[in-house]
Amino acid sequence: MNRPSIPLSGGLLLAAVQGVILPLQVPAQDKKAPRRLNIIHIMSDDHSYQAISAYGHPLSASAPTPNMDRIAAEGIRFDRAYVENSLSTPSRACLMTGLYSHQNGQRTLGKGIDSTVTFVSELLQQGGYQTAMVGKWHMQCEPKGFDYFYVLRGQGEYYNPVFKSHLSSGKYEREEGYVTSLVTSHAIDFLENRDPDKPFCLYVHHKAPHRNWMPDLPYLDLYEDVEFPLPETFGDDYSTKGEAAKVQRMSIDQDMTLVYDLKVGELEEEPTRGGHAAGLERGLSRLDPESRAKWDAAYGPRNRAFLESNLQGEDLLNWKFQRYVRDYLRSIRSVDDSVGEILEYLDSHGLAENTIVVYTSDQGFYMGEHGWFDKRFMYEESFRTPLIIRYPGCPGGLVSDAFVQNLDFAPTYLAVAGIKAPEEMSGRSLLPVIKKKGRQPLCWRKYMYYHYYDLPSEHNVLKHDGVSDKRYKLIHFYGGEEGDYSEFYDLRKDPDEMHNCIADPRYRRRITRLQRRLDKFRKELGVDEW
Ligand code: SGN
Ligand code: CA
C-alpha cells in the first residue's frame, strides 16, 4: 500500500500527495496516526451550472441552492470545468477509469466499456480505502471495486425505484420513497456502518434532475408562481451554424413532449418527433394511490387551465419553458436537500475536517440556450459541468478558472489516497490547483480535447470532436448528410457562441493553430475516427 510518507508536525496533519502539502487541523477526538482524507463525490445527472445559485446565473436567482452554495462558500467554485464526452455513460466511464471514451471503450450510451480496465474504485479499495457507490451507476458492466453499493436500474425511476446492492445477489428490489431521498439514505447508511478506522471514498450519484424531471411530492407546487427568465439565445436561428444545429432533436419548441416531458397527462398521444407519451404514466403508476392523488391535485388544475387557454406560438413556447424549468428546479431542490443532509452528517460526526466534498454533474445541460434542452454538443452549456470542491485546510469562497476536466477526478482521488495513478490515465490531479487556491499552475493543460460519438440516437446530434484553449474553440462535425465541416468561436467576444467565425479571415491564423492542436490530440491519443 502506498501511503504518504510525510511526518506529523505539531498539531497539524499533513496530507502530502504528489508534492502537494496541505495543512489540516486534527479533530480534537482523533490524535492518532496520520489519516488519509476521506472523499465524497456527489454527482447529479444533467445538472446545469445555470441552476446552482453559487454560479450567479439569473435562472437560479429565484431557485437558490443554499447547500451547494455552502460547499462553494467553504471551498472552490470551478468556472472552467468540462467533460470529455457530454453524455452519462461515457462520463461515468471516464470518472471510473480516468480515460477518454475511445480509450475505455464507452463512446455512446449503449454497450462499450472495456470492463477489464482497472477502475479507480478498485485501486482505492486495494489501497486501504472503504469504497461505496450509491444511486445512478448507469454503466454497462457490474459495479466493481466497491465494498458497499446500492445502485439504480439503468436510468433509475423517480418514485419507489428499484435498487440492486452488495447484499441483494444481483436482484433489483423495490424501495418505498423518492429516489433522491433513498440515495441519500443509502449514503448515510454507509457512513454510519463503515469501519471508522479506515478512510473512505463514497460516490453519491443522483438520478435527478434527469429527464423527465419528476419532483418529490412536497415540492410539486414549488416555484409555481415564479416566471423564470428565458436565456438570451433562446431564439437562435442557427444562421451562422452548420448542419448539426439544424438537424438536432432537442428543441423545446419541437421535441419537448407535452405528455411525457411537460406532464399534461390529460392528452392522449401527441404528434411530436420524440413521442414518449407512455412514459409519464409509467412513472406515475409507481406511486401509491394517496401519493398519486397528491400529484393529480397539483398538476390536474394547472393542466386543465392550460388546455382551456389553447395557447399558441410564443405563448405556448413560453409555457413549455416555464413548466420545464419549474419541474427541473423542483427536482434540484431535493438534490440540494440531500447535499445539506450529507454536510450536516459530516459536521455532527467530526468528519468535516478530514473529508473532501466534491459536487459535480455528469455533464452540463441546456436551460433553453439555443432553444434546447439535453446536452451532447461541445457548446459551453453542455461541454461545461458544475464543479465545487471543499478541501480541508483550503480557504473558502474561492473561484477557479483553471482548465479542468472530468478526466481529472480519478487521478485526484488517487493522489489524495497517496496511490500512484496508472501511467495511461490522461487526466491530472487537481491537488496542485487546490494548493494554489484555485489558480491554474504554470505547467497545466493549455488545450482541451472533446469527442461526442452517439449517432444515430434520440436527439440526433451529429458526431463531433474539437479543441478549446479557453479563449477559442474549434469544433469538427462529421457523419452528417451535408459532409464534414468545422465551426470556430471566439469565447471572449462571443461567450454565447452565436457567431461561428470559421470563414472570417481575421481568425485564419488562430483557426490554423487550433486545427494543428486538434490533429496533435488525435494522433497522440490514438483517436480512430473523426
Ligand atoms: C434518455 C432520455 C434522453 C437523454 C438520454 C441520455 N430520454 O434516453 O433525453 O438524452 O437518456 O441521458 S428519455 O425518454 O428516456 O427520458 S444521459 O444523462 O443518460 O446521458
Ligand atoms: Ca446525464
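How many of the nine residues of helix α11 are buried? Here are some thoughts on that and on other places worth a look in this predicted model.

1. **Helix α11.** To take the opening question straight away: nine of the nine residues in α11 (residues 409-417) are buried, and the helix is described as mostly covered. If you would like to click through them, they are F409, A410, P411, T412, Y413, L414, A415, V416 and A417. Right after the helix comes G418, with a positive phi near 70°.

2. **The calcium ion.** For ligand 2, a calcium ion, the coordinating residues are D45, D46, D362 and Q363. The aspartates contribute OD atoms, with D362 listed twice, and Q363 contributes OE1; the distances run from 2.1 to 2.7 Å. Along the chain these donors follow the spacing D-D-x315-D-Q. The site thus brings together distant parts of the chain: D45 sits in the loop between β3 (38-44) and α1 (66-73), while D362 sits in the loop between β11 (355-361) and α10 (380-383), 317 residues apart.

3. **Geometry and burial at the calcium site.** Around the calcium ion (ligand 2), six donor atoms subtend angles of 51 to 171°, and the arrangement is therefore irregular. For six donors, octahedral would require opposite donors over 155 degrees apart and all others between 65 and 115. D45 has a relative accessible area of 0%, so this aspartate is buried. D362 is buried as well, again at 0% relative accessibility.

4. **I52, in the loop between β3 and α1.** I52 lies in this loop, and with a relative accessibility of 0% it counts as buried. Its C-alpha is 7.2 Å from that of M68, and the two residues are 16 apart in sequence.

5. **The largest pocket.** Which domains does this pocket lie between? Domain 1 (14-26 + 35-213 + 332-446) and domain 3 (449-525) both give residues to the lining, so the largest pocket lies between these two. The space in it comes to about 600 Å³. Its lining has 24 residues, and those nearest the centre are Y49, H57, E381, P495 and D496. By class, the lining divides into 11 charged, 10 nonpolar and three polar residues.

6. **The second largest pocket.** This one has a volume of about 340 Å³. Of its 16 lining residues, G156, K207, N212, Y260 and G279 lie nearest the centre. The lining comprises seven polar, five charged and four nonpolar residues. Domain 1 again contributes, this time together with domain 2 (237-324), so the second largest pocket lies between domains 1 and 2.

7. **Two cis peptide bonds.** Please have a look at the bond between A208 and P209, which is cis with omega about -5°. P209 belongs to the loop between β10 (200-205) and α6 (243-247). Another cis bond runs from R211 to N212, with omega near 10°. N212 is also in the loop between β10 and α6, and N212 has already come up as one of the residues nearest the centre of the second largest pocket.

8. **Positive phi at S169 and Y223.** Is S169 buried or exposed? With a relative accessible area of 70%, S169 is exposed. This serine is in the loop between β8 (162-165) and β9 (173-174), and its phi is near 50°, a positive value in a residue other than glycine. Y223 also has a positive phi, near 65°. The tyrosine is found in the loop between β10 and α6, but Y223 is buried, with a relative accessible area of 10%.

9. **V527, after the helix α13.** The segment after α13 (508-525) holds V527. At 7% relative accessibility, this valine counts as buried. Which residue does V527 pair with across 425 residues of the chain? The partner is H102, and the C-alpha atoms of the two are 6.7 Å apart.

Terms used: Residues are numbered from 1 along each chain as its sequence is written. Chains are lettered from A and ligands numbered from 1 in the order in which they are written. This is a predicted model: local features need pLDDT of at least 70, side-chain atom pairs count only at pLDDT 80 or more; totals for chains, interfaces and linings use all residues. Side-chain values use heavy atoms; hydrogens and water are left out. On a 1 Å grid over the protein atoms alone, a cavity is a set of points where a 1.4 Å probe fits but cannot get out, and a pocket is an open set with protein on both sides within 12 Å along at least five of seven lines; lining residues have an atom within 4 Å of a point. Grid points are joined across faces, edges and corners, and a volume is the space filled by probe spheres set on the points. Ala, Val, Leu, Ile, Met, Phe, Trp, Tyr, Cys and Pro count as nonpolar, Asp, Glu, Lys and Arg as charged, and the others, Gly among them, as polar. Domain bounds come from an automatic or database domain assignment. Donors are N, O and S atoms within 2.8 Å of the metal (3.2 Å for Na, K and Ca); water is not among the atoms, so sites may look incomplete. Four donors count as tetrahedral if all angles lie between 85 and 135 degrees; four count as square planar and six as octahedral if opposite donors are over 155 degrees apart and all others between 65 and 115; anything else is irregular. Helices (H or I, at least four residues) and strands (E, at least two) are DSSP runs, numbered from the N terminus. Buried means under 20% relative accessible area, exposed over 50%, partly exposed in between (1.4 Å probe, protein chains only).
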